[in-house]
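This report walks through selected features of one protein model, beginning with enclosed space and moving on to a helix, a strand pair and a single residue.

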Amino acid sequence: MIRRASQRNARPSLPVTRRAPSHPLEGQVVASFGRRYLVELADGSTLDCVTRGKRGLLACGDRVTVALGGAGKGVIEAVGKRTTLLYRSDAAREKFVAANVTQVVIVVAPVPAYSEDLVNRCIAAAEHGGISVLIALNKSDLPQAKAALAALELYRKLGYRAAALSAKRDLDPLVPHLKGETSVLVGQSGMGKSTIINGLIPAAAVRVAEISATLDSGRHTTTHTRLYHLDSTSHIIDSPGMQLFGLHHLDEAELAHAFIEFQPWLGHCRFRDCRHLSEPGCAVAAACKRGEINERRLASYRGLLRERS
């Protein structure tokens, strides 16, 4: 079982590493602040890093090679091959959420009401990225939780795991799902992601403050991704609350495939280029009419498809 870290035994957050500048160092991005990154080295020390030139965006969780600069400073020279990448996009740009994660934990709550469409988008992004999904219903002690839990039955029937918890009272229903995983928490603001992090890692608030002071960027304490270690094999990334999750990086075929209940029917429509909107002979639409595909899920897919037009 994961032991919750305490402030007393937590690793010092921002020790300064001093090494010969001629030796490149391997590390991991544990916090992303715009174009500045906090990189943790193998000995647990951290460096405030920038990228060289116009190097592409990095994500929290990336493995990197760093060249030392001044005291506590570094320059990211190279990025290791990613096993996974969770990101969102609109017509203009992409925004990375986390790299090298094994699990996306979509945090929802009965109050404020969560967006089912946002859940569908997060699941589609995870499916496309080859990342497993867990839906965590927080605030399960509230009276409205019963209806919220019933609504999540749709996802259970599709094979997605769900856990009900109350982060302020008891995190035990969630903890076993985090063991041995590198998880990223995603969801709308107000769902309780920060409460979950603070419950798992009581020293997190202290560490966030120290990171912000070091990077002279206090305004970013709740708006950027951060990675925490639960134990030697279990890690968790906290991401900012989001209201939108664009999927413009998925083409039409990839988007349809990311809705897993569509897969048995793909390729069986009358027309090879069927978009599953209103075309005659659509096998996906026919499956929906038979009750084999949920109407709300099909509507969510169609909304995403129209969003691309």
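## Cavity, helix and hairpin

In this predicted model, the residues of the lining of the largest cavity divide into 7 nonpolar, 3 polar and no charged. The lining consists of Ile 106, Val 107, Val 108, Tyr 114, Ser 115, Leu 118, Val 119, Cys 122, Gly 187 and Gln 188, and both β8 (103-108) and α1 (116-129) supply at least two residues each to the lining of this cavity. A search of the whole structure finds 1 cavity of 30 Å³ or more, and about 50 Å³ of space lies in the largest cavity.

The second largest pocket is lined by 19 residues, and those that lie nearest its centre are Ser 32, Gly 34, Lys 95, Phe 96 and His 224. Strand β7 gives the most to the lining of this pocket, with 4 residues. The table sets out the two spaces by volume and by the class of their lining residues.

| Space | Volume | Nonpolar lining residues | Polar lining residues | Charged lining residues |
|---|---|---|---|---|
| Largest cavity | about 50 Å³ | 7 residues | 3 residues | no residues |
| Second largest pocket | about 360 Å³ | 9 residues | 6 residues | 4 residues |

Helix α1, one of the elements that supply the cavity lining, has 14 residues and reaches 20 Å from its first C-alpha to its last, which is close to the 20 Å expected at 1.5 Å a residue. The helix is mostly covered, with 10 of its 14 residues buried; among them are Leu 118, Val 119 and Cys 122, three residues that also line the largest cavity. Glu 116, Asn 120 and Arg 121 are likewise among the buried residues of α1. Just after the helix, Gly 130 takes a positive phi of about 70°.

Strand β7 (residues 94-99), the main contributor to the pocket lining, runs antiparallel to strand β6 (residues 85-89), and 5 bridges join the two. Together β6 and β7 form a hairpin with 4 residues between them, and Ser 89 stands opposite Glu 94 in β7.

Is Thr 51, a residue of strand β3 (residues 46-51), buried or exposed? Thr 51 has a relative accessible area of 15%, and because buried means under 20%, this residue counts as buried. Leaving aside residues up to four places away in sequence, Thr 51 touches Arg 35, Tyr 37, Leu 58, Val 75 and Ile 76.

Definitions and conventions: Residues numbered from 1 in each chain as written. Predicted model: local features only at pLDDT ≥ 70, side-chain atom pairs only at ≥ 80, totals over all residues. Heavy atoms only, no water. Pairing = 2+ DSSP bridges. 1 Å grid on protein atoms, 1.4 Å probe; cavity = no way out; pocket = protein on both sides within 12 Å on 5 of 7 lines; lining within 4 Å. Points joined across faces, edges and corners; volume = space filled by probe spheres on them. Nonpolar A, V, L, I, M, F, W, Y, C, P; charged D, E, K, R; others polar. Buried < 20%, exposed > 50% of the residue type's maximum accessible area, 1.4 Å probe, protein only. Contact = heavy atoms within 4.5 Å. Expected span 1.5 Å × (residues − 1).
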